[in-house]
Amino acid sequence: MGLMQTPPVEAHVLLTRATNLNNLASSIRNHLSTLEQIKGAKPDQILTGNKISQEAAARQLFEQYQRLSSNFDPALLNLYDPTAKIYMTVHYSNGQMRRMNLSFENFRQLMLTSLPLARTRGDRNTYSQVRYRPEGNRIRITAQRYSHLYRNTNPHSMLVGPNATGKWVIFEEAMQGRR
């Protein structure tokens, strides 16, 4: 039985294979570089190129919002854009309703006076059914906000996105409450 000879491989085939292997190696190096950049990132952070996705940035902002809010930390106000609009609706048990449309400056003053009182009263909120939906170059966050003080759940909405410097901030917040 004789040995089978394999046909000689032409030079252009070898060159094509070498180029493909080189491209594959380059792709692997790029992926490893990306993995190095995201070491320590949360699993739900989706990467687009070298940037964290809009949804992941919105999630990080909302997590920070919840943390600062639950600690009654005035640094919470640093999460808002100076042009932010705040819409508050309060439904009272007597059937009356009060709507407030506040500039950020008015909201800031209200929060600076009410945060210490909220801490004293234990006026904490928790959020559920949180959703993130693209809205132009921003993200709309919707949730159900549970008030531990008033023991009720109400809709909550925020429009967040990057400001002129690229920092993610709150541009709009709409909240409802029942008293």
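Q: How do you know that β5 and β6 pair, and in which sense?
A: Happy to start there. In this predicted model, β5 and β6 share 9 bridges in the antiparallel sense. Two strands pair if at least two bridges are found between them, so β5 and β6 qualify with their 9 bridges. One of the pairs is R131, whose bridge partner in β6 is T142.

Q: What joins β5 and β6 in their hairpin, and which residue in the turn has a positive phi?
A: The two strands have 2 residues between them, and G136 in the turn has a positive phi of about 65 degrees.

Q: What makes β6 and β7 a pair as well?
A: The cut-off is at least two bridges. β6 and β7 have 9 bridges, in the antiparallel sense, and therefore count as paired. As an example, R140 has L159 in β7 as its bridge partner. The hairpin of β6 and β7 has 4 residues between the strands, and R151 takes a positive phi near 55 degrees there.

Q: Why is N154 called buried?
A: Its relative accessibility is 4%. Buried means under 20%, so N154 falls on the buried side of the cut-off. This residue belongs to strand β7 (residues 152-162). Beyond four places in sequence, N154 is in contact with A143, Q144, R145, Q176, G177 and R178.

Q: What makes the pair of N154 and N152 a polar contact?
A: Their side chains approach to 2.9 Å. The limit for such a pair of N or O atoms is within 3.5 Å, so the 2.9 Å between these side chains satisfies it.

Q: Why is Q54 called partly exposed?
A: Buried ends at 20% and exposed begins over 50%, with partly exposed in between. Q54 has 33% relative accessibility, so partly exposed is the right label. Q54 is placed in helix α2. Its side chain reaches the backbone oxygen of N137 at 2.9 Å. Leaving aside neighbours within four places in sequence, the contacts of Q54 are N137, R138, I139 and W168. Its C-alpha atom is also 9.0 Å from that of P162, although the two residues are 108 residues apart along the chain.

Q: How do you know that the span of helix α2 agrees with its number of residues?
A: Helix α2 (residues 54-70) has 17 residues, and at 1.5 Å a residue it should span 24 Å. The expected span uses one less than the number of residues. The C-alpha atoms at the ends of α2 are 24 Å apart, so the two values agree.

Q: Which residues of α2 are buried, and what follows the helix?
A: The buried residues in α2 are A56, A57, A58, L61, F62, Y65, L68 and S69. After α2 comes F72, with a positive phi near 55 degrees.

Q: How many residues does the largest nonpolar core have, and which make the most contacts inside it?
A: This core has 31 residues, with the most contacts inside it made by Y65, Y80, F107, I141, V160 and I170. At least two of its residues come from each of α2, β3, β4, α3 (104-121), β5 (125-135), β6 (138-147), β7 and β8. Helix α2 gives the largest share, 6 residues. As background, nonpolar side chains in soluble globular proteins tend to be buried together.

Q: What is F107 in contact with beyond four places in sequence?
A: F107 is in contact with L77, Y80, I86, L102, E173 and M175.

Q: What makes β3 a partner of both β8 and β4?
A: With β8 (residues 168-178), β3 (residues 80-91) forms 8 bridges in the parallel sense; with β4 (residues 97-103), β3 forms 7 bridges in the antiparallel sense. Both pairings pass the cut-off of at least two bridges, so both count. On the β8 side, Y80 stands opposite I170, and in β4 the bridge partner of I86 is L102. The hairpin of β3 and β4 has 5 residues between the strands, and G95 in its turn has a positive phi of about 95 degrees.

Q: How many helices and strands are in the chain, and in which pattern?
A: There are 3 helices and 8 strands, following the pattern α-β-β-α-β-β-α-β-β-β-β along the sequence.

Q: Where does pLDDT stay under 50?
A: That happens over residues 33-50, for which the model has 17 contacts beyond four places in sequence. The chain averages a pLDDT of 83, and 72% of the residues score at least 70.

Notes
Residues numbered from 1 in each chain as written. Predicted model: local features only at pLDDT ≥ 70, side-chain atom pairs only at ≥ 80, totals over all residues. Heavy atoms only, no water. pLDDT = per-residue confidence, 0-100. Contact = heavy atoms within 4.5 Å. Buried < 20%, exposed > 50% of the residue type's maximum accessible area, 1.4 Å probe, protein only. Polar contact = N/O pair within 3.5 Å; in protein donor to acceptor, adjacent residues only side chain to side chain. Core = buried A, V, L, I, M, F, W, Y, C linked by side-chain atoms within 4.5 Å.
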